[in-house]
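Subject: Structure handover

Hello,

Here is the structure you were expecting. Please open it alongside this message, since the notes below go residue by residue.

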Amino acid sequence: MTHPCLTCGACCAFFRVSFHWSETLTTSHAVPEDLTLQINPYMNAMKGTETKSPRCISLKGDVGGVISCEIYANRPECCRSFSASFEDGTVNERCAQARISKGLTPLALSSWVSTE
Ligand code: SF4
Ligand code: SF4
């Protein structure tokens with residue numbers, strides 16, 4: 001079964017992706033600073049997600065098609081903690097919201113059942 005996120009990417013092209021600036025410096029997964037911009041004294045955002053039509057600068061591919069995060073190992077904590085619906089057995093309404101905004105069906109429990 002292909003992980004549903006690998007043919008989605010909707011959340012990376014829907015929300016502002018912001019995090020404490022120190023994630024660009026001090027964490028084990030330092031987010032590349034040149035891919036971020038400062039939005040207030042405490043927070044940076046991934047470039048491209050601060051606009052009215054967000055799309056993270058690190059998102060490569062087509063939303064709803066083959067897609068990936070170019071800085072997966074260094075993505076910010078907010079991306080790491082954003083679960084796809086039913087990945088852990090619970091609904092993530094924000095996952096559904098992002099998918100619907102891109103014309104995709106919200107994930108269901110059956111999305112995680114392999115047919116192979
Ligand atoms: S919207 Fe949900 S399914 Fe799509 S990439 Fe984000 S977490 Fe994955
Ligand atoms: S850093 Fe990666 S996971 Fe986070 S919003 Fe950008 S493309 Fe998506």
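What follows covers the two ligands and then a handful of residues.

Please keep in mind that this is a predicted model. The values below were all computed from it.

The ligands

Ligand 1 sits in the largest pocket. Around ligand 1 are C5, C8, G9, C11, F82, A84, C95, R99 and L107. Sorted by class, that shell comprises 7 nonpolar residues, 1 polar and 1 charged.

Ligand 2 also sits in the largest pocket. Its surroundings are made up of C12, V17, C56, S58, L59, C69, I71, P76 and C79. The shell around ligand 2 has 8 nonpolar residues and 1 polar, with no charged residue.

Between helix 1 and helix 2

S85 belongs to the loop that runs between helix 1 (77-80) and helix 2 (93-101). With a relative accessible area of 2%, S85 falls under the 20% cut-off and is therefore buried. Beyond its neighbours within four places in sequence, S85 is in contact with T90, V91, N92, C95, L107 and W112. Two of these, C95 and L107, are also among the residues around ligand 1. For N92 there is a polar pair to look at: a polar atom of the S85 side chain lies 2.9 Å from the backbone nitrogen of N92.

F86 lies in the loop between helix 1 and helix 2 as well. Its relative accessible area is 22%, so F86 is classed as partly exposed, the range for that class being 20% to 50%. The backbone of F86 deserves a look too: phi is near 70 degrees, a positive value in a residue other than glycine.

Strand 1 and the loop after it

S18 is in strand 1, which covers residues 18-20. Leaving out its neighbours within four places in sequence, the contacts of S18 are I39, M43, N44, A45 and C78. S18 and T49 are 31 residues apart in sequence, while their C-alpha atoms are 8.4 Å apart in space.

E23 is placed in the loop between strand 1 and strand 2. Is E23 buried or exposed? It is buried, because its relative accessible area of 9% is under 20%. The side chain of E23 makes a polar contact with the side chain of H29, at 2.9 Å. H29 is also one of the contacts of E23 outside the four neighbouring places in sequence, along with A30, V31, P76 and E77. E77 is 54 residues away from E23 along the chain, and the two C-alpha atoms are separated by 8.1 Å. P76, another contact of E23, is among the residues around ligand 2.

T24 is found in the loop between strand 1 and strand 2 (36-38). Its relative accessibility is 9%, so T24 counts as buried under the 20% cut-off. A polar atom of the T24 side chain lies 2.7 Å from the backbone oxygen of W21. Apart from its neighbours within four places in sequence, T24 is in contact with F19, A30, V31, E33, T36 and N44. A30 and V31 also appear in the contacts of E23, and N44 appears in those of S18.

Two further loops

T51 is in the loop between strand 3 (43-46) and strand 4. At a relative accessible area of 38%, T51 is partly exposed. Which backbone atoms does the side chain of T51 reach? A polar atom of that side chain lies 3.4 Å from the backbone oxygen of G48, and the side chain reaches the backbone oxygen of S53 at 3.0 Å. T51 and F15 are 36 residues apart in sequence, with a C-alpha to C-alpha separation of 9.5 Å.

G65 is located in the loop between strand 4 (59-61) and strand 5 (67-69). Setting aside its neighbours within four places in sequence, G65 is in contact with L6, T7 and C8. C8 is also one of the residues around ligand 1. G9, likewise listed around ligand 1, is 56 residues from G65 in sequence and 8.3 Å from it in space, C-alpha to C-alpha.

Regards

Notes. Residues are numbered from 1 along each chain as its sequence is written. Chains are lettered from A and ligands numbered from 1 in the order in which they are written. This is a predicted model: local features need pLDDT of at least 70, side-chain atom pairs count only at pLDDT 80 or more; totals for chains, interfaces and linings use all residues. Side-chain values use heavy atoms; hydrogens and water are left out. A residue is near a molecule or strand if one of its heavy atoms lies within 4 Å of it. On a 1 Å grid over the protein atoms alone, a cavity is a set of points where a 1.4 Å probe fits but cannot get out, and a pocket is an open set with protein on both sides within 12 Å along at least five of seven lines; lining residues have an atom within 4 Å of a point. A molecule sits in a cavity or pocket if more than half of its atoms lie within 2 Å of its grid points. Ala, Val, Leu, Ile, Met, Phe, Trp, Tyr, Cys and Pro count as nonpolar, Asp, Glu, Lys and Arg as charged, and the others, Gly among them, as polar. Helices (H or I, at least four residues) and strands (E, at least two) are DSSP runs, numbered from the N terminus. Buried means under 20% relative accessible area, exposed over 50%, partly exposed in between (1.4 Å probe, protein chains only). A polar contact is a pair of N or O atoms within 3.5 Å; within protein, one must be able to donate a hydrogen and the other to accept it, and residues adjacent in sequence count only if both atoms are side-chain atoms. Contact means heavy atoms within 4.5 Å.
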